[in-house]
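Q: I have a structure open and would like to go through it with you. Could we start with a loop position and then move outward?

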Amino acid sequence: MAAADQLVAIGASAGGLEPLQEFFDAMPADTGMAFVVVQHLSPDHPSLMDELLARHTKMRVARAEHGMDAEPNTVYVIQPKKYLRILHGQFQLTDQAREREKPPTPIDVFFESMAEDYAERGAAIVLSGTGSDGSRGIRVVREAGGRTIAQDVTAKFDGMPRAAIETDSIDMILPPTDMPSFLMGNEDEEGIRPSLVNTTPGVYEVLEVLRERHGIDFAQYKITTVLRRIERRVQLTHATSVRRYLDELERSEEEQDR
């Protein structure tokens, strides 16, 4: 089976098991996404994370192996004492000791590789944990166009989510039970900034450019999802409005393809 078109990476540490279980309890099993759980694991004890998560999802749960494809509707967990990366949709494992990074930052390492490999098709989530692992990678994911989420006040240990939020690179701050809806584009109209909703005429002109370029009528898609993705491109191109972004879009076939 080919690698999934969309990849969701979830970083967790202390206090992370409960939010992970809540997340997968709420996530449907047939989204077509692949999920990677990167947790800080003890080097001295075998991990039972795959068995624990399998009780909370109908998706296949597997330990990520070197060279394995990130298949859709599958949850992958990291192995102890390993760094996990992804390249061309396949997992790459290396020994943490060999890379000599102290303290190890497996969440940052995977987020950064996902940003390079999946760009805007990737999403990064930071759950409960101490320290700041994930905050460096969150910036890279956001810059690549991917979506970013941090756990809200429900986090038992707020060090990691707080560090991620302080980067100003987080799209949404949510409880784990609400994260699946955001990933699937099911958020309400109130989830979109009023400033963008007010520019809807410019949005439909953007959609017309894309229809002419690619023959796809995005006006038939869920408007909240379309608005969110246009807003992201507005931010990444440093345009001050959708109208300004439209000027760039009309000039650049590369931006139209993005």
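**Loops, core and overall form**

A: Certainly. The model is a predicted one. D168 counts as exposed, because its relative accessibility is 68%.

Q: Where is D168 found?

A: D168 lies in the loop between helix 6 (159-165) and strand 9 (172-174).

Q: And what is the phi of D168, given that it is not a glycine?

A: The phi of D168 is positive, at about 60°.

Q: What about K81: what is its phi, and where is its place?

A: K81 is a residue other than glycine with a positive phi, near 65°. Its place is in the loop between strand 4 (74-77) and strand 5 (82-87).

Q: Which residue follows helix 4, and what is its phi?

A: Helix 4 is followed by A119, which has a positive phi near 50°.

Q: Let us stay with helix 4. How many residues does it have, and how far does it reach?

A: Helix 4 covers residues 106-118, which is 13 residues. From its first C-alpha to its last it reaches 18 Å, close to the 18 Å expected at 1.5 Å a residue.

Q: How many of the residues of helix 4 are buried?

A: Of its 13 residues, 11 are buried, so helix 4 is largely enclosed by the rest of the structure. Among them are P106, I107, F110, F111, M114 and Y118. D108, S113 and D117 are also buried.

Q: Changing topic, is Q151 buried or exposed?

A: Q151 is buried, because its relative accessible area is 3%, and the cut-off for buried is under 20%. Its place is in strand 8 (residues 147-151).

Q: With which residues is Q151 in contact, leaving aside its neighbours within four places in sequence?

A: Its contacts include P19, V126, L127 and S128. Q151 also touches P161, I165, I173, L174, P176 and M179.

Q: What does the side chain of Q151 reach at 3.0 Å?

A: The side chain of Q151 reaches the backbone nitrogen of S128 at that distance.

Q: How many aromatic pairs are there?

A: The count comes to 4 aromatic pairs. In one of them, F23 and F24 have ring centres 5.0 Å apart and planes at 90°, so the pair is edge-to-face.

Q: Which aromatic pair do F24 and F35 form?

A: F24 and F35 form an edge-to-face pair, with 5.7 Å centre to centre and 75° between the planes. This pair links distant parts of the chain: F24 is in helix 1 (residues 17-26) and F35 is in strand 2 (residues 33-39), 11 residues apart. F23, F24 and F35 form one aromatic cluster.

Q: Are those rings' residues, F24 and F35, buried or exposed?

A: Both F24 and F35 are buried. F23 is buried too, with a relative accessible area of 2%.

Q: Finally, the whole protein: what does its secondary structure come to?

A: The protein has 12 helices and 9 strands. Its radius of gyration is 19 Å, close to the 18 Å that the globule rule gives for 258 residues, so the protein is as compact as a globular protein of that length. Along its principal axes the C-alpha trace spans about 60 × 35 × 35 Å.

Q: What share of the residues is buried, and what area does the protein expose?

A: Buried residues make up 48% of the 258. The protein exposes about 12,600 Å², and carbon and sulfur atoms supply 48% of that area.

Key:
Residues numbered from 1 in each chain as written. Predicted model: local features only at pLDDT ≥ 70, side-chain atom pairs only at ≥ 80, totals over all residues. Heavy atoms only, no water. Helix = DSSP H or I, 4+ residues; strand = E, 2+ residues; numbered from the N terminus. Expected span 1.5 Å × (residues − 1). Buried < 20%, exposed > 50% of the residue type's maximum accessible area, 1.4 Å probe, protein only. Contact = heavy atoms within 4.5 Å. Polar contact = N/O pair within 3.5 Å; in protein donor to acceptor, adjacent residues only side chain to side chain. Phe/Tyr/Trp six-rings, centres within 6.5 Å; stacked < 30°, edge-to-face > 60°. Rg over C-alpha atoms; globule rule 2.2 N^0.38 Å. Areas by Shrake-Rupley, 256 points an atom, 1.4 Å probe, with all protein chains shown as cover.
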